[in-house]
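Please open the model in your viewer and keep the sequence panel beside it. The tour below proceeds by selections, each followed by what is found there.

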Amino acid sequence: MAEKTKILIVDDDTDIAELISLYLVKECYSTEKAYDGENALKLFETFKPDLVLLDIMLPGIDGYEVLRNIRRKSKTPVIMLSAKGEVFDKVLGLELGADDYIIKPFDSKEMVARVKAVLRRFNEGGDREREAEENERKSVDNSEVRYPELTVSLKNYTVVCDGERIEMPPKELELLYFLASHPNQVFSREQLLDNIWGYEYIGDTRTVDVHIKRLREKIKDHGAWKLSTVWGVGYKFESEKR
């Protein structure tokens with residue numbers, strides 16, 4: 001039997017901590033609870049969680065300091081919990097290394113969905129790191145993709161479509177290259193944000209929509225390939241087999 005994913009819940013409100021635990025256990029997660037920063041750090045060492053739900057306002061060591069301590073030795077994903085809705089507080093948490101930020105009071109379904117999303121991105125990130133290491137060992141140059149009437153190159157950051165060089169900012173080109181290098185694979189907006197802009201990017205998923213819109217204005221659909229929207233999911237570079 002596969003080992004359950006372990007989540008450490010850190011909140012000085014015992015009722016909230018217990019409620020969060022009930023929802024997560026219902027989703028087949030294993031949980032432990034800490035009610036202050038000092039015990040949170042101790043449990044982090046002994047419980048070895050796969051994710052931490054961390055309240056900011058804690059007695060003694062506050063959530064920011066707990067996060068700093070965790071980030072000094074671990075990449076374990078952390079979701080901050082706070083009644084503070086100020087932009088400064090959110091930005092500070094993200095800059096210190098938080099993977100997401102949930103404002104209290106929150107809907108239980110949203111909380112569970114965010115936990116699943118962060119765990120999925122973290123696990124996919126590990127897979128990408130292993131894939132990247134494998135690619136580095138290969139002698140084949142993968143910095144360029146070619147399709148009929150389309151070449152996207154990261155070697156010199158150029159895009160040539162229908163025989164013409166298309167000018168575009170680096171992020172647009174990187175987004176096109178990423179999608180084109182994974183033909184017919186659907187990526188969510190969150191996955192594209194993580195891959196192109198990185199985990200620490202503070203913007204939202206509308207950034208992806210804007211860049212896709214600009215790409216479509218510059219790169220028209222071709223008979224052998226096109227940028228496709230998968231409604232309710234994300235985007236893909238649709239192509240015949242190369």
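The stops that follow go from confidence to the sheet, its helices, a surface patch and two hairpins.

This is a predicted model, in which local features need pLDDT of at least 70 and side-chain atom pairs count only at pLDDT 80 or more, while totals for chains, interfaces and linings use all residues. Residues are numbered from 1 along each chain as its sequence is written, and side-chain values use heavy atoms, with hydrogens and water left out.

Begin by colouring the chain by pLDDT (the predictor's confidence in each residue, from 0 to 100): the protein chain averages 85, and 86% of the residues score at least 70. Among its elements, β1 has the highest mean, 97, and helix α5 (residues 108-137) the lowest, 72; helices (H or I, at least four residues) and strands (E, at least two) are DSSP runs, numbered from the N terminus. Over residues 135-141 pLDDT stays under 50, and the model has 2 contacts for them beyond four places in sequence, a contact being heavy atoms within 4.5 Å. Where pLDDT is low, the predicted coordinates should not be read in detail.

Next, select the open sheet of 5 strands, whose order is β2-β1-β3-β4-β5 with parallel pairing; two strands pair if DSSP finds at least two bridges between them. Because β2 (30-34) and β5 (100-103) each have a single partner strand, they stand at the edges, and one side of each is left without a neighbour in the sheet. At the β5 edge, 4 bridges join it to strand β4 (residues 78-82), and Ser 82 has Ile 103 in β5 as its bridge partner.

Now add helix α1, which lies across β1 (6-10), β2, β3 (51-55) and β4 and runs at about 170° to β2; such angles run from 0 to 180 degrees between N-to-C directions, with axes fitted to C-alpha atoms, for helices over the stretch in contact. Helix α3 (residues 63-71) also packs on the sheet, touching β3 and β4, and its direction makes about 175° with that of β4.

Return to α1 (residues 14-26), where Leu 22 lies.

Finally, select strands β7 (residues 150-153) and β8 (residues 158-161), which pair in the antiparallel sense over 4 bridges, with Ser 153 opposite Thr 158. Their hairpin has 4 residues between the strands, and Tyr 157 there takes a positive phi near 50°. Continuing, β8 pairs with strand β9 (residues 164-166), again antiparallel, over 3 bridges, and Val 160 stands opposite Arg 165.
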